[in-house]
Amino acid sequence: MSESDANVPAAVTGSVRRSRDVPVLVERAREGDPRAVARLITLVESGDETVPSIAAALAPFAGQAQVVGLTGSPGVGKSTTTNELVRALRARGHRVGVLAIDPSSPFTGGAILGDRVRMQDHATDPGVYIRSMSSRGHLGGLSAATPQAVRVLEGAGCDVVLVETVGVGQAEVEVASLADTTLVLLAPGMGDAIQAVKAGILEIADIFVVNKADRDGADATVRDIQGMIALGERGPGQWRPQVVRAVATRAEGIDDIAAAIDKHRGWLVEHDELRRRREARAAAEIEAIALGVLRARIGSLRDGTHLPALAAEVAAGATDPYAAADALLAQLAR
């Protein structure tokens, strides 16, 4: 879905970009209007008051897209691999959405949004929608608005949504709770062989992609990952992570990655794991929303007298923090 405004009246373009009319925006997004898609994602990203209405309007289209997450350390070639995967998926006739999460400044909250710059090959393709999103300090490699942005792209008719995370470390594994299939990218010479025996990000992979496989050390990296997989305990019928070599800059191995994704998708469906994963994703999303509401209410209590009074009692030793928390929850319930 190109975001070009060519042949579109300026008044129409401007009205869509400023609109908060959710039914109209959703209808136009369903028709493939990239400006409506962009506006909906902007609204959910900014936490606009229309977000519940947007979620309600998009609910009938949930679960219609295959969500593939790509994660790994900075510099392993996530954007290049994503770019080539888009090309392969388009060759199959799929409509593709890409959410590229970029790191944000801890001072301004802004981001360079460089991933989108690196995927300009598809900028004019009406069957591709690419959106860069700032992480805005959110941990886990994603933005807090990513789940709703995925819903927007599903509603816009994307068959596959690729979610590329910020360059992440060992403990940032949130993408696994969002994606149907998670790709962890590694590269020779970046210390990943040592990390293979450690807990963390490598444990979430459904597919390992050893990118830059033309470099020295690629064989050792593959062996280390295969050794780690062999040590894992799996019951009968459980998925065994695939290991794929690639040189994304030359589009080598991309078809193998796509084939591994297809194989995992088939396993998910056959073992009813796709339903389980999506229900777990929905549960996490509901919990996050509920916790957000509770935090907002607690924040409002800070402006009153109840929370400060409880804090004073705990500090003075008149009560303990658990009893104070129970009293606070009781106040919230009222």
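## The E174 loop

Helices here are DSSP runs of H or I with at least four residues, strands are E runs with at least two, and both are numbered from the N terminus. By that count, E174 belongs to no helix or strand: the loop between β4 (160-164) and α8 (175-178) holds this residue. The model is predicted.

Is E174 buried, partly exposed or exposed? Its relative accessibility is 29%, so E174 counts as partly exposed, given that the partly exposed class runs between 20% and 50%. I204 is 30 residues away from E174 along the chain, and the two C-alpha atoms are separated by 9.3 Å.

## Overall picture

The protein has 334 residues, and 46% of them count as buried. Its secondary structure comprises 14 helices and seven strands. The exposed surface comes to about 16200 Å², with 55% supplied by carbon and sulfur atoms.

How much of the contact count comes from residues 24 or more positions apart? Among contacts with a separation of 6 or more, the share is 72%.

## Strand β5 and its partners

Strand β5 covers residues 181-186, and six of its six residues are buried. T181, L183 and L185 point one way. T182, V184 and L186 point the other way. Both sets are buried.

Which strands pair with β5? One is β1 (residues 66-72), parallel to β5 over five bridges. Another is β6 (residues 207-210), also parallel, joined to β5 by four bridges. V184 serves as a reference point on both sides. It stands opposite T71, and its bridge partner in β6 is F208.

## T81 and T50

T81 sits in helix α5 (residues 78-91). Is T81 buried or exposed? Its relative accessible area is 1%, so T81 is buried. Beyond residues up to four places away in sequence, T81 touches L70, L185, N211, A248 and I257. Of these contacts, L185 is one of the β5 residues, and I257 is among the buried residues of α11.

T50 lies in a loop, between α3 (34-45) and α4 (51-58). At a relative accessible area of 10%, T50 is buried, because the cut-off for buried is under 20%. With neighbours within four places in sequence set aside, the contacts of T50 are R20, V22 and L43.

## Helix α11

Helix α11 runs over residues 254-270. Does its length come out as expected or unexpected? At 1.5 Å a residue, its 17 residues should span 24 Å; the end C-alpha atoms are 24 Å apart, so the two agree.

Its buried residues are I254, I257, A258, A260, I261, H264, W267 and L268. An α-helix has 3.6 residues a turn, so residues three or four places apart point the same way. The buried residues of α11 pack against β1, α5, β5, β6, β7 (242-245) and α12 (273-302). After α11 comes D272, with a positive phi near 60°.

## Aromatic and charge contacts

How many aromatic pairs does the structure hold? There is one. W239 and W267 form this pair, which is tilted: 5.9 Å centre to centre, with 50° between the planes. The pair links distant parts of the chain, 28 residues apart. W239 is in the loop between α10 (218-231) and β7, and W267 is in helix α11. W239 is buried, at a relative accessible area of 12%. W267 counts as buried too, at 15% relative accessibility.

A charge also sits over a ring. R30 lies over the face of F61, at 3.9 Å from the ring centre.

## Helix α12

The 30 residues of α12 should span 44 Å at 1.5 Å a residue. The end C-alpha atoms are 43 Å apart, which agrees.

Which residues of α12 are buried? They are E273, L274, R277, R278, R281, E285 and L301. Their cover includes β1, α7 (146-155), α8, α11, α13 (306-316) and α14 (321-333). Strand β1 thus appears again, being listed for the buried residues of α11 and of α12.

Technical notes:
Residues are numbered from 1 along each chain as its sequence is written. This is a predicted model: local features need pLDDT of at least 70, side-chain atom pairs count only at pLDDT 80 or more; totals for chains, interfaces and linings use all residues. Side-chain values use heavy atoms; hydrogens and water are left out. Buried means under 20% relative accessible area, exposed over 50%, partly exposed in between (1.4 Å probe, protein chains only). Contact means heavy atoms within 4.5 Å. Accessible areas come from the Shrake-Rupley method with a 1.4 Å probe; for residues, only the protein chains shown count as cover. Two strands pair if DSSP finds at least two bridges between them. The expected span of a helix is 1.5 Å times one less than its number of residues. Rings of Phe, Tyr and Trp (its six-membered ring) pair if their centres lie within 6.5 Å; planes under 30 degrees apart count as stacked, over 60 as edge-to-face and the rest as tilted. A charge sits over a ring if NZ of Lys or CZ of Arg is within 6 Å of the ring centre and within 35 degrees of the ring normal.
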